[in-house]
Amino acid sequence: MAHDYSKIRDMLEAQESFPIDYIHKVIGRNTTAFLSSLDRLEAQIPAVRRQTVRPSASNVHLSVTFVLRAENAGEVIALLQATEKLDDLVIVL
């Protein structure tokens, strides 16, 4: 389901001075599908870089931190929209 990011866009445009380093953290299931979808996200958004990947204590989930060097609010929104399509996504922080 696609979300309406207009309020986030408005807030970013009002409060941030671009370019910014946008920190983006997701947690997903520790599956091949999740890892493959992370690769697709990085291919889709070349300005994003995977900084850390940490397994949960039980190794069931992975915590992944990205940094996006965003030139404008639209690039942050594009990352949020791409994140919605990750396989086995549990939560976006």
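Trainee: What relative accessible area does Asp88 have?

Mentor: This is a predicted model, in which local features need pLDDT of at least 70 and side-chain atom pairs count only at pLDDT 80 or more, whereas totals for chains, interfaces and linings use all residues. Residues are numbered from 1 along each chain as its sequence is written, and side-chain values use heavy atoms, with hydrogens and water left out. Buried stands for under 20% relative accessible area, exposed for over 50%, and partly exposed for anything in between (1.4 Å probe, protein chains only). Asp88 counts as partly exposed because its relative accessible area is 29%.

Trainee: What is the phi of Asp88?

Mentor: Asp88 is placed in the loop between helix 3 and strand 4 (89-92), where helices (H or I, at least four residues) and strands (E, at least two) are DSSP runs numbered from the N terminus. Although Asp88 is a residue other than glycine, its phi is positive, near 60°.

Trainee: Which residue in the loop between strand 2 and strand 3 should I look at, given a positive phi of about 65°?

Mentor: The residue is not a glycine despite that phi, and its loop joins strand 2 (48-55) to strand 3. With a relative accessible area of 44%, the residue is therefore partly exposed, and its name is Asn59.

Trainee: Which element supplies the largest share of the largest nonpolar core?

Mentor: Such a core is a set of buried Ala, Val, Leu, Ile, Met, Phe, Trp, Tyr and Cys residues joined through side-chain atoms within 4.5 Å. This one has 21 residues, of which Phe34, Leu41, Val48, Val64, Phe66 and Leu68 touch the most other members. At least two residues each come from strand 1 (20-29), helix 2 (32-44), strand 3 and helix 3 (73-83). The largest share, six residues, comes from helix 3.

Trainee: Is Thr65 buried or exposed, and by what relative accessible area?

Mentor: Thr65 belongs to strand 3 (residues 61-70). Leaving aside neighbours within four places in sequence, Thr65 is in contact (heavy atoms within 4.5 Å) with residues including Ile23, Lys25, Arg49 and Gln51. Thr65 is classed as buried because its relative accessible area is 14%.

Trainee: Which residue is joined to Phe18 by a cis peptide bond?

Mentor: The omega of this bond is about 5°. The partner of Phe18 is placed in the loop between helix 1 (6-15) and strand 1. That partner is Pro19.
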